[in-house]
Amino acid sequence: MSTPLKHEVLIIGGGTAGVTVAARLLRKHYTDVAIIEPSDKHYYQPLWTLVGGGQATAAETERAEASVMPRGATWIKSAVTSVDPDANTVTCADGATYSYDVLVVAPGIQLDWERTEGLTDTLGKDGVSSNYRFDLAPRTWEFIRDTRSGTAVFTMPSGPIKCAGAPQKIAYLACDHWRRQGVLDDIDVHLVVPTPRIFGIPAIADNLDKVIADYGITLHTGSEVRSIDSASRKVTMTNVAEGIDTVLPYDVLHAVPHQSAPDWIKASPLSTSHVGGDANGYVDIDKHTMQHVRYPNVFALGDAGSSPNSKTGAAIRKQAPVVVENIGAVLSGRPLPGAYDGYASCPIVTSSREMLLAEFDYDFALKPSFPLLDPVKPHRPYWLMKKYGLPAMYWNLMLKGLA
């Protein structure tokens with residue numbers, strides 16, 4: 001049996017989190033950083049909502065993975081199939097095994113389309129789409145653009161998902177388009193969310209309630225779409241607390257899938273499900289240090305970590321410096337200095353002109369980056385930042401370890 005190739009820092013995932021951490025490590029003059037990533041493409045996923053709402057093109061969200069891979073990092077172009085943190089090894093789909101001094105787990109999140117009955121078979125057809133896939137976001141816009149009357153349903157699943165604002169954002173963009181086309185009054189719009197309110201911070205929920213009322217959207221809280229009957233174009237929605245089923249027709253349906261950690265993480269000793277915890281199986285980390293609770297030389301950040309922050313790119317921007325600082329401490333045998341406060345940013349576009357920027361920490365305390373603008377209300381400058389400023393910062397600064 002051959003000896004595994006070894007790297008000082010081995011990173012699983014070449015998405016936002018993995019590339020950002022690698023870039024920051026290389027800027028600190030680490031010389032042996034490797035990233036395991038099978039994909040040729042890298043996506044700026046926050047713009048997919050605007051693609052689905054007809055405000056951006058899919059092409060501007062996609063770049064070659066090679067173009068964002070930090071210079072000096074070793075790119076292992078394969079997919080991880082298992083990890084053995086007791087042996088400090090990772091095994092890939094091609095059978096190769098790699099060992100490490102420190103492991104950073106950042107493979108992103110798994111979209112579990114099949115957990116909503118009937119969804120997989122109808123995606124991209126008959127008015128059903130989802131902005132959670134690059135190839136489907138343009139279809140969302142086609143279906144919205146072609147709808148002039150009937151019923152529109154927008155869904156959100158229970159459990160943690162990436163960008164928890166996305167399920168409602170597309171509803172607002174669709175309504176804004178239909179209003180500008182003069183057909184909104186002819187469309188019965190439903191927004192189905194599993195939470196008690198549309199947002200977890202009351203002051204923000206109050207303002208979003210006004211947006212929802214202004215568009216005439218029927219909001220179903222504490223509810224979830226369980227199944228889709230594409231033949232009859234109907235969804236079955238369950239009120240979770242009361243256990244009551246309601247059937248809604250649809251002409252256009254934006255569906256958001258349940259999400260969980262990748263299956264290989266769920267099956268590994270790194271997972272919360274390994275110790276009888278969360279069935280979604282995220283990497284079991286301390287929410288402040290991002291260090292694994294049982295394996296000190298393992299860190300996780302981004303969507304696959306168990307930290308209870310909102311799963312957003314903005315969270316990764318604050319997590320990455322903490323992880324890099326704490327990796328240095330582990331390698332030199334020092335106490336961990338870095339601490340993450342749960343900061344996340346949830347940009348909620350409310351029309352084709354305005355956006356509300358919800359920024360908060362673990363305690364749901366507001367953490368506005370621009371205190372001059374009321375942080376609980378939509379503003380035009382935020383929308384311009386979403387469309388132009390944040391993508392520029394992402395490609396030019398964040399992925400290069402500069403922001």
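Here are four short exercises on this predicted model, each with a worked solution.

**Exercise 1. Work out how the five-strand open sheet is ordered, and find its edge strands.**

Solution. Start with the order: reading across, you go β10-β17-β11-β12-β13. Next, check the direction of the pairing, which is parallel. Now look for strands that pair on one side only: those are β10 (128–129) and β13 (218–220), so by the pairing rule of at least two bridges they are the edges. Finally, zoom in on one end of the sheet. Strand β12, residues 187–192, pairs with β13 over three bridges, in the parallel sense. If you want a spot to click on, His190 stands opposite Thr218 in β13.

**Exercise 2. Is Thr61 buried or exposed, and what does it touch?**

Solution. First, place the residue: Thr61 sits in the loop that runs between α2 (48–52) and β4 (62–64). Then take its relative accessible area, which is 0%. Buried means under 20%, so Thr61 counts as buried. Next, list the neighbours, leaving out residues up to four places away in sequence: Thr61 touches His42, Tyr43, Tyr44, Leu47, Trp48, Val51, Phe134 and Trp395. Last, pick out a polar partner. The side chains of Thr61 and Trp48 make a polar contact at 3.1 Å.

**Exercise 3. Describe the largest cavity: its volume, its lining and the strand that gives the largest share of that lining.**

Solution. Begin with the count: there's one cavity of 30 Å³ or more. The largest cavity holds about 80 Å³ of space. Now go round its wall, where you'll meet Thr116, Leu119, Thr155, Met156, Pro157, Glu224, Val225, Ile228, Leu253, Ala255, Val256 and His258. Sort these by class and you get eight nonpolar, three polar and one charged. As for the strand, β14 (residues 223–229) gives the largest share of the lining, three residues.

**Exercise 4. How much space lies in the second largest pocket, and which residues lie nearest its centre?**

Solution. Take the volume to begin with: the second largest pocket has about 680 Å³ of space. Then turn to its lining, which is made up of 32 residues. To find the middle, look for Ala164, Pro308, Asn309, Ser310 and Phe364, as these lie nearest the centre of the pocket. To finish, split the lining by class: 15 residues are nonpolar, 13 are polar and four are charged.

Notes:
Residues numbered from 1 in each chain as written. Predicted model: local features only at pLDDT ≥ 70, side-chain atom pairs only at ≥ 80, totals over all residues. Heavy atoms only, no water. Helix = DSSP H or I, 4+ residues; strand = E, 2+ residues; numbered from the N terminus. 1 Å grid on protein atoms, 1.4 Å probe; cavity = no way out; pocket = protein on both sides within 12 Å on 5 of 7 lines; lining within 4 Å. Points joined across faces, edges and corners; volume = space filled by probe spheres on them. Nonpolar A, V, L, I, M, F, W, Y, C, P; charged D, E, K, R; others polar. Buried < 20%, exposed > 50% of the residue type's maximum accessible area, 1.4 Å probe, protein only. Polar contact = N/O pair within 3.5 Å; in protein donor to acceptor, adjacent residues only side chain to side chain. Contact = heavy atoms within 4.5 Å.
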